[in-house]
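Student: I should like a close look at a single part of the model shown below. Please set that part in the context of the rest of the fold as well.

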Amino acid sequence: GRGHPTGGTVTLVKGNPNVIVDTGDVSQRQQILDALATHHVAAADVAWVVNTHGHLDHIGNNSLFPAATFVLDGDIARSGEYRTHDFARAPLLIAGDPGANAITILRTPGHTNHDLSVIVATPIGTVAVVGERHEHAGDDADGSWQRWSQDERLQLESRARARAMPEDIVPGHGNTFRAQR
């Protein structure tokens, strides 16, 4: 069958703390380092890495961030120490500066059974970094998300919940787009 394009979306949430959502494919290593440098962020300045799911095109550069706390499914790891988070009970919140909104991590299954999405309130609106809950802008029309879905029913539910929030969506592949209502 037709292969999937390599190189998932890599998103920097710049602030205190700096958060990377997905680390792309190994072929993106230098591109990621260069992009961080343009934002005056070194790999060592990244405090959290959230992997939306465990596919290789989304976790390929985790090793760039050895000082980070990693989140994948319900696992949270830092420097070889692991703990778990029960997303069925509550989202995971990453606290920032006093008075700033926390970064919210939600379980949004469907593409895989362990998908996560990251919700960030910004001065210009809410942004959702969703991994492959959405493959790319227009994936409703072309149905491409279904080709890669592990559980279409769950993924439809996750996609429908997203429409209830005003947000820009950073998909698993491609450019940010405005959520359709």
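Student: How do the residues in the lining of the second largest pocket divide by class into nonpolar, polar and charged?

Tutor: The model is predicted, and what follows should be read as a description of that prediction. The lining of the second largest pocket comprises ten nonpolar, five polar and two charged residues. In total, 17 residues line this pocket, and those nearest its centre are Val13, Lys14, Ala100, Asn101 and Ile103. The pocket holds about 250 Å³ of space. Strand 9, which spans residues 116-122, provides the largest share of the lining, namely three residues.

Strand 9 also belongs to a sheet. Six strands make up this open sheet, arranged in the order 7-8-9-10-11-12 with mixed pairing. Its edges are strand 7 (92-94) and strand 12 (177-178); each has a single partner strand, so one side of each is left without a neighbour in the sheet. Elsewhere in the order, strand 10 (residues 125-129) and strand 11 (residues 168-170) run parallel and are joined by three bridges. Within that pairing, isoleucine 169 of strand 11 is the bridge partner of alanine 128.

The largest pocket offers a useful companion case. Its volume is about 290 Å³. There are 13 lining residues, and the closest to the centre are Val10, Thr11, Leu12, Ala35 and His39. Strand 1 (11-13) and helix 1 (29-38) are the elements that give two or more residues to this lining. Helix 1 supplies the largest share, four residues. By class, the lining of the largest pocket holds six nonpolar, six polar and one charged residue.

Strand 1 leads on to another sheet. This open sheet is formed by six strands in the order 1-2-3-4-5-6, again with mixed pairing. Strand 1 and strand 6 (81-84) are its edge strands, each pairing on one side only. On average, neighbouring strands of this sheet are turned by 20 degrees against each other, direction ignored.

Helix 1, for its part, lies in a right-handed β-α-β unit together with strand 2 and strand 3. The two strands of that unit, strand 2 (residues 18-21) and strand 3, pair in the parallel sense over four bridges. Strand 3 (residues 46-51) also pairs in the parallel sense with strand 4 (residues 69-72), over four bridges.

Individual residues show how these strands are aligned. Isoleucine 20 stands opposite valine 49 in strand 3, and valine 49 in turn stands opposite phenylalanine 70 in strand 4. Valine 50 stands opposite valine 71 in strand 4. Five of the six residues of strand 3 are buried, that is, under 20% relative accessible area. Strand 3 is therefore largely enclosed by the rest of the structure.

To return to the part requested, the second largest pocket has Val13 and Lys14 among the residues nearest its centre, along with Ala100, Asn101 and Ile103. Val13 lies within the 11-13 range of strand 1, the element that stands at an edge of its sheet.

Technical notes. Residues numbered from 1 in each chain as written. Predicted model: local features only at pLDDT ≥ 70, side-chain atom pairs only at ≥ 80, totals over all residues. Heavy atoms only, no water. 1 Å grid on protein atoms, 1.4 Å probe; cavity = no way out; pocket = protein on both sides within 12 Å on 5 of 7 lines; lining within 4 Å. Points joined across faces, edges and corners; volume = space filled by probe spheres on them. Nonpolar A, V, L, I, M, F, W, Y, C, P; charged D, E, K, R; others polar. Pairing = 2+ DSSP bridges. Axes fitted to C-alpha atoms, helices over the stretch in contact; angles between N-to-C directions. Buried < 20%, exposed > 50% of the residue type's maximum accessible area, 1.4 Å probe, protein only. Right-handed = clockwise from strand over helix to strand, strands pointing away.
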